[in-house]
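Got your viewer open and a hand on the selection tool? Let's take a walk through this one, stop by stop.

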Amino acid sequence: ALPSMCVLVIKKDKEGKPDRAKSRIVVLGNYEDRVYDKSKRFAPVLKYSSLRLLVSKAIGDKRVLQQGDCKNAFCQATLPDDERMAIRPPHGDPAFAKGEYWLLKKTLYGLRRSPRHWYDMFTAILRDMGLTPSRHDPCLYSGQLSRPGLPLSETRRHVYVGIYVDDFVFYSTDPAEEQLFRDEMAKRITVDFMGEVDYFLGTAFTWKHHTDGNLSVHLCQSAFTEFTAHRFGVDKMNQTPNMTPYRSGKPIDSIPNADPDDPDLKRRTKVYQSIVGSINWLATCTRPDIAPALTFLSTYIQAPHEQHYKAAIYALRYLYSTAEYGISFHSSASTTVQAFNHFPHHHDKEAYTDAVPPSPSECHQLTAFSDACWGGQFGNAVEDGTPLEMFKFRSLSGFLICRCGGPIAWKAVRQKRTAL
């Protein structure tokens, strides 16, 4: 029999404050003697880029994204007969008796295949409702809802759903279709519908209805940023909102390599990796402005110099000073950089054939931008004749894809070849 334990956690709200206490019984699946292939254990989750795309599409349709939470998700999926097992009750259970065991009929948190069983069950429900997964993201579903006595029609609106384990977001341009989705889900599984998305995947959503009928939303991770700053002592530093992620006159690539005999290297490396990992999470989700600095910092993650550590702290201080920064979408915006595409005024048609602003139908199309610098980042901070690794001479490439006035995908990476 596998051992089990009781896990107690405090769930936090979008401001990082304690919201509610939660406990669950977890099986110690690391003692499970069955061996499964990765394909039989893996359960995908919603890509963050897909979430941004779904949010921008909802904004383009002037609809607010709705949120739902499946209660005791893993306990709702049934274990196959050949995977049923016995577990010992957790220590401290007042009803626990010596020699007593539990025979699992449902999946429980901790079992190796529990995430996959839940994913198969949840997605089977969505497919049974008439929704189909995206070819690019298996956790992004869309389509017309099907129900006996309710025929499919071109006049009916589609429903769009994004799932992340037991949490999901959805919307439709027709409120009746959203209600139908709620009703059909409630028939099949225990779900708590929470209304408008307020806090999802560690991101706070701020929706705003404008007087002209437009809709906008702002996504930020201020709670995680402030938690990370407190974790590494950055919250004791002065906040400077107009600062940048880089220290003036000290490019990250100009810092020498760490001394392998440095007695503090092992401790510093561990802390540095934690800082860069936290910055990476922010850069992946809602802070594209830190992506270039992250590229430079992550280069030295195996053996950072003391100055690399200070550069990471400085970048974290920048994030803490701008904790409310994030990404925004607006239903009336075409792209963030519309001026670069249509710089001439619309009345100057004699001189420019492309001077007409985008039509409303074009405003919600994807617009991609890419650029690259030439040469290294160190500039004149390194004296002539100083030997440097070749990778430091590589240029930095980046791209940005916008929709409804906000970015939905971005990247900033070193080129694979040396250009200088």
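**A tour in selections**

Start by selecting aspartate 192, which is partly exposed, with a relative accessibility of 33%. Bear in mind as you click around that this is a predicted model.

Now add lysine 71 to the selection. Aspartate 192 and lysine 71 form a salt bridge, with the closest N and O atoms 3.8 Å apart. Lysine 71 sits in the loop between strand E3 (66-70) and strand E4 (86-87), while aspartate 192 belongs to strand E10 (residues 191-196), so this pair ties together parts that are 121 residues apart in sequence. Lysine 71 is partly exposed too, at 32% relative accessibility.

Next, pick arginine 84 and aspartate 81. Here is another salt bridge, and its closest N and O atoms are 3.7 Å apart. Arginine 84 is partly exposed at 33% relative accessibility, whereas aspartate 81 is exposed, with a relative accessible area of 64%. How many salt bridges turn up in a search of the whole structure? The count is 19.

On to helix H8, so select residues 306-321. The helix has 16 residues and spans 22 Å from its first C-alpha to its last, close to the 22 Å expected at 1.5 Å a residue. Show the side chains of lysine 310 and glutamate 306: both are in H8, four residues apart, or about one turn of the helix. An α-helix has 3.6 residues a turn, so residues three or four places apart point the same way. Lysine 310 and glutamate 306 make a salt bridge, with 3.9 Å between the closest N and O atoms. Both ends are partly exposed: lysine 310 has a relative accessible area of 37%, and glutamate 306 comes in at 41%.

For a salt-bridge cluster, select Asp128, Glu184, Lys187 and Arg188, which are joined into one network by salt bridges that share partners.

Back on H8, look at its buried residues, among them His308, Ala311, Ile313, Leu316, Leu319 and Tyr320. What covers the buried residues of H8? The cover includes helix H5 (222-231), helix H6 (265-285) and helix H7 (291-298), so colour those three if you want to see the packing.

Time for a sheet. Select E11, E12, E13 and E14: these four strands form an open sheet in that order, with antiparallel pairing. At the edges are strand E11 (199-200) and strand E14 (326-330), each of which pairs on one side only. Zoom in on E11 and strand E12 (residues 203-209), which run antiparallel and are joined by two bridges. Across that pairing, phenylalanine 200 stands opposite threonine 203 in E12. Then bring up helix H2 (residues 48-60), which packs on the sheet and touches E11, E12, strand E13 (215-220) and E14. The direction of H2 makes about 30° with that of E14.

Last stop: cysteine 402 and cysteine 404. Both are buried, cysteine 402 with a relative accessible area of 1% and cysteine 404 at 0% relative accessibility. Why is there no disulfide between them? Cysteine 404 holds the closest cysteine sulfur to that of cysteine 402, but the two sulfurs are 11 Å apart, too far for a bond. A search of the whole structure finds zero disulfides.

Conventions. Residues are numbered from 1 along each chain as its sequence is written. This is a predicted model: local features need pLDDT of at least 70, side-chain atom pairs count only at pLDDT 80 or more; totals for chains, interfaces and linings use all residues. Side-chain values use heavy atoms; hydrogens and water are left out. The expected span of a helix is 1.5 Å times one less than its number of residues. Buried means under 20% relative accessible area, exposed over 50%, partly exposed in between (1.4 Å probe, protein chains only). Contact means heavy atoms within 4.5 Å. A disulfide is a pair of cysteine sulfur atoms within 2.5 Å. A salt bridge is a side-chain nitrogen of Lys or Arg within 4 Å of a carboxyl oxygen of Asp or Glu. Two strands pair if DSSP finds at least two bridges between them. Axes are lines fitted to C-alpha atoms, for helices over the stretch in contact, and angles run from 0 to 180 degrees between N-to-C directions.
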